[in-house]
Amino acid sequence: MAESLITTLERLDARIKDVTMRNARLVEQNHKLEEEIADLRLEIAEARRERDRARLDAEYLTVSHRLADSPDTLIDTRRHIAKLIRNIDRCLEMLKE
């Protein structure tokens, strides 16, 4: 009977070591996966910012093509808009004073 108890304890000890090692591997794997998730979240945020910039650029291009039929007209339209913006800036400066 003592032999079977010792054998059982040895088996339990070996099983405890296996479970402890497996737990340590799982904790390490979990840590790596959490780091990977954090990195992927950063990549997603950057990709969304790039997408938003691309959408804005596309919108500006669409508007600019609607403003003018030819490149010369587009240049004149941009100059006119820039002049209007400068006038607005001057008006705002005058209002501040």
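This briefing describes a nonpolar surface patch and several salt bridges in one structure. The model is predicted, and the count of salt bridges comes to seven. Among the residues treated below, Leu-9 belongs to helix H1, which covers residues 2-67, and the pairs Asp-13 with Lys-17 and Glu-46 with Arg-49 lie in helix H1 too.

**Nonpolar surface patch**

- Leu-5, Leu-9, Leu-12 and Ile-16 together make a nonpolar patch of about 400 Å² on the surface.
- Within this patch, Leu-9 has a relative accessible area of 51% and is therefore classed as exposed, since the cut-off for that class is over 50%.

**Salt bridge of Asp-13 and Lys-17**

- Asp-13 is joined to Lys-17 by a salt bridge in which the closest N and O atoms are 3.5 Å apart, and the two residues are four positions apart in helix H1, about one turn of the helix.
- The relative accessible area of Asp-13 is 38%, so that Asp-13 counts as partly exposed.

**Salt bridges around Glu-46 to Arg-53**

- Glu-46 and Arg-49 form a salt bridge through their side chains, with an N to O distance of 2.9 Å, and because they are three residues apart in helix H1, about one helical turn separates them.
- Both partners are partly exposed, Glu-46 with a relative accessible area of 30% and Arg-49 at 44% relative accessibility.
- Asp-52 and Arg-51 also meet in a salt bridge, at 3.2 Å from N to O; Asp-52 is partly exposed at 40% relative accessibility, and Arg-51 is partly exposed with a relative accessible area of 38%.
- Glu-46, Arg-49 and Arg-53 are joined into one network by salt bridges that share partners.

Technical notes:
Residues are numbered from 1 along each chain as its sequence is written. This is a predicted model: local features need pLDDT of at least 70, side-chain atom pairs count only at pLDDT 80 or more; totals for chains, interfaces and linings use all residues. Side-chain values use heavy atoms; hydrogens and water are left out. Patches are made of residues with over 30% relative accessible area and no salt bridge: like charges are joined within 9 Å, nonpolar side chains (Val, Leu, Ile, Met, Phe, Trp, Tyr) within 5 Å. Accessible areas come from the Shrake-Rupley method with a 1.4 Å probe; for residues, only the protein chains shown count as cover. A salt bridge is a side-chain nitrogen of Lys or Arg within 4 Å of a carboxyl oxygen of Asp or Glu. Buried means under 20% relative accessible area, exposed over 50%, partly exposed in between (1.4 Å probe, protein chains only).
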